[in-house]
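Here is a friendly walk through a structure you may not have met before. Have a look at it first, then read on.

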Amino acid sequence: MRVKTRVAEFLFPIETDSWLTVLRLGLGLQVTLYALSLRTDWAYLFSGTARKVAEALLSLQGHFIPSLGWFVALAARLDVPEETVLLLAWLGLFVSGCALLVGVGCRFSAIAAWVLHLCAAKSGGFLSYGMDNFMTIGLFYLMLSPLPDRLSLDWRLRNLRPKNPQLLGFWRRVLQLHLCIIYFFSGLTKWLGSGWWDGSNVWRALIRPPFNVIDPEILVRWKDFLPLAGILVCLLESGYPFFIWSSRTRKIWLLGVCAMHLLIGVAMRMYLFSLVMIVLNVAAFGPDLFRRKRQPIMLQPEAATS
Amino acid sequence: MAEGPTILPLSFKNFSHKAQELISIAPAEQLSPSNPVRESVNTYVQLAGIESGSGYFAPNVPSGYTLVFELHYRDGRVEYELPTVRSAAAELRIAGLLDDIGRTPYDELREILLKTLAQSIWRKHPELQSVRAILGSLTLPSVREFEQGKRESYEFLYAYDFSLQNASAKKNDH
């Protein structure tokens, strides 16, 4: 019984909505920048045969996974061309990102951003990469979390309140555990890889097109630091679940991981990948470190208004 | 880990393969594709973004692939062009696509994906007679090799010829 109580306390801690504010603002910025970054290539990437092949392969996984093909097929019945549908999808994604940033229609915007990004990621298929998975993960949790948060316009102007504020702690805990699993296994697999101990994988990652931002001639001058960088990356990732929970080591670990993602973003031009990782980390473990002590939301469900 | 070189003994590779099979049982991969349990699990993992693990270049940083289009004009001219996109964000995605094309064991899939990229070249140059898509793997030098003057090199893998007349491509292997 005591174990059951402790597990329940761990999974459903009383929590403020600061982390949700960070997640909403961060993912709002991420979705907006994602849409802007692909604006000029959007139609090229998501039209034509590659999309159809990706969607055909996706249909083998399940028939209820959304894709841009759904909207294209639906619009075709109304004689709306594919290009228009793609443009509307891009516009929807951009607007939902902006709406999340300011906190208008939080729940609807989060769902719209999740659906539209998921459609693009799944229809992109072969064009998707890790960043898309992390965006989906973040938007999935954001959509399920008790929105709106106190800094959103929904709260301040429309006087909306979350329906289930007691779930704030739960969804944050899920995000925290998810990140721990991701980093631990990523770090463990790197330790077992042959090229992280001697820095050769850091070298390869930095000189491999299209990530080769830094001139290899400059990197060679710093070659003695490459093994150290490789080991540090492994240490930060595999040590994440062990050092992120303790209040003594949390700050250093969180700053270390965020610095690592920042450096990856700058040195490998993976800005959006870095941003989404920093947002997820800061939302999961950051607010306790940098905020003033706030009163947790203790609304009774019957007192809540939608 | 089942695929790449690790610091573990070679015998561990067999274990990794077995573990991989076990893990694939967990998300109901062994059930028939129409099985509702399998479909539900697959749908959930896709919706939640957890259908594949992200290892951030673990256990090792793989070599990349490169694609060059050889453009054959009706007047006999030959030009070369790389697949181009306008934004840096899309460039990262094209690099990922080339990795998929290079790594897939399915010839048909490789051909379809290359054809898709070739079509965009065709739209840009409608006067072309044919397009040859040449796929190569990229070999990166080590730090020591780089200091000795070695630079990245490309090894020819496949070439596919596309023309407006033939729907399917002619493939040339290395």
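## Where the two chains touch

In this predicted model, the contact (heavy atoms within 4.5 Å) takes in 67 residues of chain A and 59 residues of chain B. On the chain A side, the residues touching chain B split into 39 nonpolar, 18 polar and 10 charged. For that sorting, Ala, Val, Leu, Ile, Met, Phe, Trp, Tyr, Cys and Pro count as nonpolar, Asp, Glu, Lys and Arg as charged, and the others, Gly among them, as polar.

How much area is buried between chain A and chain B? About 5400 Å², with carbon and sulfur atoms giving 61% of it. Buried area here is the accessible area (1.4 Å probe) that two parts lose on being put together, summed over both. In chain A, the residues that lose the most area to chain B are A:Phe126, A:Leu192 and A:Arg208, together 14% of what that side buries.

## Charged and polar pairs

Side chains of opposite charge can pair when their charged atoms come close. Counting a salt bridge as a side-chain nitrogen of Lys or Arg within 4 Å of a carboxyl oxygen of Asp or Glu, there are 22 over all chains, and the count between chain A and chain B is 6. A:Lys122 makes a salt bridge with B:Glu51, their closest N and O atoms being 2.8 Å apart. This pair joins two chains, because A:Lys122 lies in helix α7 (residues 106–124) of chain A and B:Glu51 in the loop between α2 (36–48) and β1 of chain B. Helices (H or I, at least four residues) and strands (E, at least two) are DSSP runs, numbered from the N terminus.

A:Arg269 and B:Glu91 also meet in a salt bridge through their side chains (3.6 Å, N to O). Across the interface of the two chains, 27 residue pairs are in polar contact, both residues at pLDDT 80 or more. That term covers a pair of N or O atoms within 3.5 Å; within protein, one must be able to donate a hydrogen and the other to accept it, and residues adjacent in sequence count only if both atoms are side-chain atoms.

## The second largest pocket

B:Glu91 turns up again here: along with A:Pro209, A:Pro210, B:Thr66 and B:Leu98, B:Glu91 is among the closest to the centre of the second largest pocket, out of 21 lining residues. The lining divides into 12 nonpolar, 5 polar and 4 charged residues. In chain B, β1 (65–73) and α3 (88–103) each supply at least two lining residues, and α3(B) gives the most, with 5.

## Unusual backbone spots

The peptide bond from A:Pro209 to A:Pro210 is cis, with omega near 5°, and A:Pro210 sits in the loop between α11 (200–207) and α12 (216–221) of chain A.

## Reading notes

Residues are numbered from 1 along each chain as its sequence is written, and chains are lettered from A and ligands numbered from 1 in the order in which they are written. Local features need pLDDT of at least 70, side-chain atom pairs count only at pLDDT 80 or more, and totals for chains, interfaces and linings use all residues, while side-chain values use heavy atoms, with hydrogens and water left out.

Technical notes:
1 Å grid on protein atoms, 1.4 Å probe; cavity = no way out; pocket = protein on both sides within 12 Å on 5 of 7 lines; lining within 4 Å.
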